[in-house]
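Biologist: I am new to this structure and would like to learn how to read it. Please take me through some of its features in turn.

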Amino acid sequence: MTNLSAVQEQLKWKERALNLILEIDRIRDSAEDERAMMSSVMSTLTEAVEAELGLLWVRDDDAPEGGGELQLRTVLDRAKLYDAASAAALRELAVRAMAQPTATLTRADLDLQGRHLTYCLTTPLRVGQETFGVLLLLNAERPFDGPERELVTGAISQIDSALQHAHTLRELQRQKQALETVFHIDRIRDRQQDLEAMMDAVLAEICRTIEAETGFIMLYDRSGRELELRAATDHDFVATHDTAHVIRAAAVEAITSSRMIKRERAEGAVRALLAVPLILRDKLIGVLGVVNRIGRPAFTRSDVQLLTAIASQIDTAIFESLQTQRLRGAFGQCVGPQVMERLLTIGDRDILSGERLPITTLFSDIRGFTHMSERLDPDVLQAVLNDHLSALTELVLKHEGTLDKYIGDCVMCFFNAPERQADHALRAVRLAVDMMRAHHQVMERWQSRLPLPPIGIGVSTGEVMAGNFGSLKRLEYTVIGHDVNLAARLCGAAEADQILISQATYDLVREAVVADEMPLMHLKGIGGDVHCWNVRGLR
C-alpha cells in the first residue's frame, strides 16, 4: 500500500503540474499585457499551492539610472493577512529572494494581523539573465513541501519566453510613442506656421509626451557664436536667474560634448533636466531641453529614449526650408538617400513642376499571384508580399531609380527623373536582371511553405510627362504618357522569368545586352504592331 500511495501521490502532482502549465499557456496567450499576465499567473500559482498570502514584486525597469526599486505590483490575500505596516518587512524579504537562483523554501517569521507567518516560498522572475521581480507565497501554519516548490519552479520556467515577449512589446510601445510624437511634429510643420509658432507648438507636444513641466529650445544667433533662448513653454520660469543659469550651463555642455546632458538636483527650482544638441546636416545649431518630470524626481529611461528620438528628427521638422520639405515629402520614400541629397542641392529648376522628358519605365509583376492570393491566409499573404516588395524596392533604390508605386504585387519605377541620368535605359535593364535574381531568392525562402511563381518584367523608353499630379489634398510625383502604358502592357505580356523591353529601349542598350527579337505583338491600348525584345542577360 505504501508504494501504491507513493505512486498515486506522484501522479497527483504530475497532474497538477500539467494542469498548471496548461493554465499558464492559456494566460500567456490571452493576457492583454505583461501586468495582466503576471497578475493572473500569480493568482494561479497561489491557488495551486494553497498559499494564504501571495505577493508579486517587480523592479521598475523604467526608473532613472541608479533606480529600479522593487514595487509591489499585486497582492492576493486569501486569509486577510496583509497590511501596509508590514510592507517594509515584506520588501526586505523580497529583496533577499531576488538573489536566489530558483524557487526557495525559507522561514518568514512575520506577524500580520495577529497571526505569525512562518513559511515562505520565494521565486525570482527573470527575462534572460536579468532578474526583474520576485513572487512570495506565505503560510502561517502549513509548510510548503518539495513537490510544491518543484511545481512552482516548473510553472515559472514556462513563462520565460512570454516575459521576454512582453518585455519586447513594451520596448516596441516606447518606440511607437516616439514615432507618433515625430509624426505629430511633422503635422505641426506642415501647417506652415512661422518659426516661433512652430517651435512653441513642438515644445508643447514634447512636454505632453515626456510629461515635463517645461521645455525649451536654444539656437545660435546669426553670428553663430552665441546661444539664444528662442522658445519655452514657460518663459517666466526659464527666465529666472537660477533656472536660466542651470539651463545655459547644461546647453553649453551639450553643445561642447555633442551628447545628451542629464541633471538631477535635490534642491532648487530645476530638479531634473535633459538637454540634447540639435544637428542639421552635421552642423550644431542649438539645444532642445526639458525641465522637471511630472510625478517623478527625475526623467526615466523612456524619457531619455523619447527625447533622443525626437531630437534626431526635430531639426528637419522645424529648420529646413519649405522647398526642402516639399522635396522630402515627394521623394523621401521614392529615391535612395544619395539621390535625395543631390536633389536638395538642385537650385536651377522646379523639380516638382511638370516637364516633358525621355523616361525609362519598368513594371514588375508576379505571374498569377492575384489568383493565388485569393486562397492564401492573410498573414501569409502579407508576409510573402512584404518580402517580395522589400527585396525589389531595395534594388530600385540601389540602382538610383525612382519608386513610383506598388499595385498589389506589381512594382512600378522609372529612371531619368527627377534626377537626370544619361544611362537611364541601361540602369532599368540592369535593374530588371537583378530583380529576377532577387525574386528567385525570395522563392527559395518560401518554397517549403508556398510555391511562389516567378515574375515578368516590362521596360519601355520614351518621352513622357513627369511631375506632381493629383488634387490639392494629395499630390504624387509620377510619370504619364504612351511609353509608361507600353511598359505596363509589356509586363502583362511577359511570361514567367521573362524581361520584355521596347524597341526604343533596345536601341539604347543593344551593345550591353543579350536579347532575342520577339514576334510582333498586339497589346491592349497600344496602337499598331509592337516591336520588343526578350532580354536573356547582360554582356
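**Reading charged pairs, strands and a helix**

Modeller: This is a predicted model. A place to start is R208, which is exposed, with a relative accessible area of 52%.

Biologist: Why does R208 count as exposed?

Modeller: Exposed means over 50% relative accessible area. R208 has 52%, so it falls in that class. E205 is buried because its relative accessible area, 13%, is under 20%.

Biologist: What joins the side chains of E205 and R208?

Modeller: The general idea is that side chains of opposite charge can pair when their charged atoms come close. Here the side chains of E205 and R208 form a salt bridge, with N and O 2.5 Å apart.

Biologist: Where do E205 and R208 lie?

Modeller: An α-helix has 3.6 residues a turn, so residues three or four places apart point the same way. Both E205 and R208 are in helix 6, residues 195–210, and three residues separate them, about one turn of the helix.

Biologist: What span should the 16 residues of helix 6 have, at 1.5 Å a residue?

Modeller: The expected span is 22 Å, and the end C-alpha atoms of helix 6 are 22 Å apart, so the two agree.

Biologist: Which residues of helix 6 are buried?

Modeller: The buried residues of helix 6 are M198, M199, V202, L203, E205, I206, C207, T209 and I210. For C207 the relative accessible area is 9%. After helix 6 comes E211, which has a positive phi, near 60°.

Biologist: How many disulfides does a search of the whole structure find?

Modeller: The search finds zero disulfides. Another cysteine, C532, is buried at 1% relative accessibility.

Biologist: How many salt bridges does a search of the whole structure find?

Modeller: There are 22 salt bridges in the whole structure. One of them pairs R293 with D303, whose closest N and O atoms are 2.7 Å apart. That pair links distant parts of the chain: R293 is in strand 10 and D303 in helix 9, residues 301–319, ten residues apart. R293 and D303 are both buried.

Biologist: Which strands do D516 and R536 belong to?

Modeller: Their side chains, too, meet in a salt bridge, at 2.7 Å from N to O. D516 is in strand 17, residues 513–517, and R536 is in strand 18, residues 532–538, so the pair links distant parts of the chain, 20 residues apart. D516 is partly exposed at 32% relative accessibility, whereas R536 is exposed at 53%. As for networks, salt bridges that share partners join E211, R293 and D303 into one.

Biologist: R293 was placed in strand 10. Is strand 10 largely enclosed or largely open?

Modeller: Strand 10 covers residues 283–293, and nine of its eleven residues are buried, so the rest of the structure largely encloses it.

Biologist: Which strands pair with strand 10?

Modeller: Strand 6, residues 212–220, pairs with strand 10 in the antiparallel sense over seven bridges. In that pairing I217 stands opposite L288. Strand 9, residues 272–280, also runs antiparallel to strand 10, and eight bridges join them. There P277 stands opposite V287.

Biologist: How do side chains sit in a strand?

Modeller: In a regular strand the side chains alternate between the two faces of the sheet. For a single residue to examine, take T360 in strand 11, residues 355–366.

Biologist: Is T360 buried or exposed?

Modeller: T360 is buried, with a relative accessible area of 0%. Its side chain makes a polar contact of 2.7 Å with the side chain of H424. Leaving aside residues up to four places away in sequence, T360 touches nine-part surroundings that can be listed in the viewer, including C413, F414, A428 and V459.

Biologist: Where does R367 lie?

Modeller: R367 lies in the loop between strand 11 and helix 12. R367 is buried, with a relative accessible area of 16%. A polar atom of its side chain is 2.4 Å from the backbone oxygen of A494. Beyond residues up to four places away in sequence, R367 touches several others, among them P453, G456, C491 and E495.

How values were computed: Residues numbered from 1 in each chain as written. Predicted model: local features only at pLDDT ≥ 70, side-chain atom pairs only at ≥ 80, totals over all residues. Heavy atoms only, no water. Buried < 20%, exposed > 50% of the residue type's maximum accessible area, 1.4 Å probe, protein only. Helix = DSSP H or I, 4+ residues; strand = E, 2+ residues; numbered from the N terminus. Pairing = 2+ DSSP bridges. Disulfide = S-S within 2.5 Å. Polar contact = N/O pair within 3.5 Å; in protein donor to acceptor, adjacent residues only side chain to side chain. Contact = heavy atoms within 4.5 Å. Salt bridge = Lys/Arg side-chain N within 4 Å of Asp/Glu carboxyl O. Expected span 1.5 Å × (residues − 1).
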